[in-house]
Amino acid sequence: MICRNVAVCVACALLLSGFTGCTANRAGWELKKIGEIGDFNWPEAIRVDHEAKRVFVANIETSTKGGWEADGKGFISVLYPDGSVIERKWRSSNADFTFNAPKGMTILNEHLYIADISRLLVCPLDAEKPIRVIDIPGAQWLNDISTDGNDLYVSDTKSAKAYRVDLITGTHNEIKAPEWINGITSHKGHLYCVSIKLHELYELDPSGERDPIPFGLKEYFVGPDGIEVLKDDSFIISDVKGDRLLHVTADRKYVSTLAEVPCPADIAIDPKRNLLYAPSLFENKVTIFKLTSLPNTKPNKPDANSRD
Ligand SMILES: [Ca+2]
Ligand SMILES: [Ca+2]
């Protein structure tokens, strides 16, 4: 049986009402809300430095509801893993440097890399050191960043491109990507992304040569933003327009709702503490979930939630 509409599927109706056993049994994972922090300003992305026990929150900061305006405003917050605030404005615009609309981030070699419209910001984790900029000529709406431990992968929403940035040479090459690409993530040599307007998930070719391969799951999403891969190679997707966090099994056949949360943008996972952070973009808050693996409940045959 094919579930084409989550809202009317019997199994999924149960999910929408409670997100308990049914959801967990389908996904093999469970999300339980354990905290909520407010007073952000358009928080678009979160990234965890799990070694240093710090959580970074990128705030677009806007007074005009403009997600892509070079308004000279924006800041990075730092939290403890439990959500208590270390510094609300750890990095913000000052006389030496201005943020505009900071979004996706990744951490590599003691630096926080931040997408900020057409600029890639290189922000030392040592806050005493200055921020520098990597130029990507032609970049328009840089949205998310991931790393494979060597290179950076950056999505450009308006250009329908991704870029692979070689940090040693400073050069970049283009990667074929879908229209309205948003979240991007690198995992075990593979590269994945979502398109917010095509509401589909894709596997990209890190070398940039082959066309994106769609998952074929667009009927399950309204407007996906963030994408993360779990240790069992399954996926968690934040649907910023659908107000949900969804799970996709590694075989790409099963989709389950794990939690409802308002307008979740670029989520982050702390694998060391089994936590998931979801920024509610338009509600200026961050929700913390406990992420629990439920062994021996992973689906092994098609059912009402299957596409087979
Ligand atoms: Ca701004
Ligand atoms: Ca995003």
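Start with the whole protein in cartoon view: two helices and 24 strands run through it. Keep in mind that this is a predicted model. Colour by accessibility, and 56% of the 308 residues turn out to be buried. Now think about who touches whom: among contacts between residues at least 6 apart in sequence, 50% join residues at least 24 apart. Several stops on this tour show links of that kind.

**Stop 1: the aromatic rings**

Show the side chains of Phe, Tyr and Trp. The structure holds eight aromatic pairs. Select Phe56 and Trp90 to begin with. Their ring centres are 5.1 Å apart and the planes meet at 55°, so this pair is tilted; a stacked pair would need planes under 30 degrees apart. Phe56 belongs to strand β3 (residues 54–59) and Trp90 to strand β5 (residues 85–92), so the pair ties together parts that are 34 residues apart in sequence. Are these two residues buried or exposed? Phe56 has 0% relative accessibility, so it counts as buried. Trp90, at 10%, counts as buried too.

Next, select Trp68 and Trp141. This aromatic pair is stacked, with 4.5 Å from centre to centre and 5° between the planes. Follow the chain from one to the other: Trp68 sits in the loop between β3 and β4 (75–79), while Trp141 sits in the loop between β9 (132–135) and β10 (142–147), 73 residues apart. With 25% relative accessibility, Trp68 is partly exposed. Trp141 is also partly exposed, at 23%. Add Trp180 to the selection, and you have one aromatic cluster formed by Trp68, Trp141 and Trp180.

**Stop 2: charges over rings**

Go back to Trp90 and add Arg91. The charged end of Arg91 sits over the ring of Trp90, 5.3 Å from its centre. Then select Arg88 and Phe40, where the charged end of Arg88 sits over the ring of Phe40 at 4.8 Å from the ring centre.

**Stop 3: the calcium ion, ligand 1**

Centre the view on ligand 1. Which residues coordinate this calcium ion? The donors come from Ile60 (O), Glu61 (O), Asp71 (OD, listed twice), Lys73 (O) and Asn100 (O), at 2.1 to 2.7 Å. Written along the sequence, the spacing of the donor residues is I-E-x9-D-x1-K-x26-N. Two of these, Ile60 and Lys73, both lie in the loop between β3 and β4, 13 residues apart. Ile60 has 2% relative accessibility and counts as buried, whereas Lys73 is partly exposed at 36%.

Why is the arrangement around ligand 1 irregular? The six donor atoms subtend angles of 49 to 159°, which makes it so. For comparison, ideal angles for six octahedral donors are 90 or 180 degrees.

**Stop 4: the calcium ion, ligand 2**

Move on to ligand 2. This calcium ion is coordinated by Glu44 (OE), Asn143 (OD1), Asn182 (OD1) and Asp225 (OD), at 2.3 to 2.4 Å. Their spacing in sequence reads E-x98-N-x38-N-x42-D. Highlight two of the donors: Asn143 is in strand β10 and Asn182 in strand β14 (residues 181–187), 39 residues apart. Asn143 is buried, with a relative accessible area of 3%, and Asn182 counts as buried at 4%.

**Stop 5: Ser195 and its surroundings**

Select Ser195, which you will find in strand β15 (residues 190–195). Ser195 has 0% relative accessibility, so it counts as buried. A polar atom of its side chain lies 3.1 Å from the backbone nitrogen of Leu198. Leaving aside neighbours within four places in sequence, the residues in contact with Ser195 include two from earlier stops, Trp180 and Asn182. Also among them are Pro178, Glu200, Tyr202 and Pro224.

**Stop 6: two backbone oddities**

Most residues other than glycine have a negative phi. Select Ile117, in the loop between β7 (111–116) and β8 (119–124). Ile117 is not a glycine, yet its phi is positive, about 60°. At 11% relative accessibility, Ile117 counts as buried.

End at Ala160, in the loop between β11 (152–156) and β12 (161–165). Ala160 likewise has a positive phi, about 55°, without being a glycine, and is buried with a relative accessible area of 15%.

Key
Residues are numbered from 1 along each chain as its sequence is written. Chains are lettered from A and ligands numbered from 1 in the order in which they are written. This is a predicted model: local features need pLDDT of at least 70, side-chain atom pairs count only at pLDDT 80 or more; totals for chains, interfaces and linings use all residues. Side-chain values use heavy atoms; hydrogens and water are left out. Rings of Phe, Tyr and Trp (its six-membered ring) pair if their centres lie within 6.5 Å; planes under 30 degrees apart count as stacked, over 60 as edge-to-face and the rest as tilted. Helices (H or I, at least four residues) and strands (E, at least two) are DSSP runs, numbered from the N terminus. Buried means under 20% relative accessible area, exposed over 50%, partly exposed in between (1.4 Å probe, protein chains only). A charge sits over a ring if NZ of Lys or CZ of Arg is within 6 Å of the ring centre and within 35 degrees of the ring normal. Donors are N, O and S atoms within 2.8 Å of the metal (3.2 Å for Na, K and Ca); water is not among the atoms, so sites may look incomplete. Four donors count as tetrahedral if all angles lie between 85 and 135 degrees; four count as square planar and six as octahedral if opposite donors are over 155 degrees apart and all others between 65 and 115; anything else is irregular. A polar contact is a pair of N or O atoms within 3.5 Å; within protein, one must be able to donate a hydrogen and the other to accept it, and residues adjacent in sequence count only if both atoms are side-chain atoms. Contact means heavy atoms within 4.5 Å.
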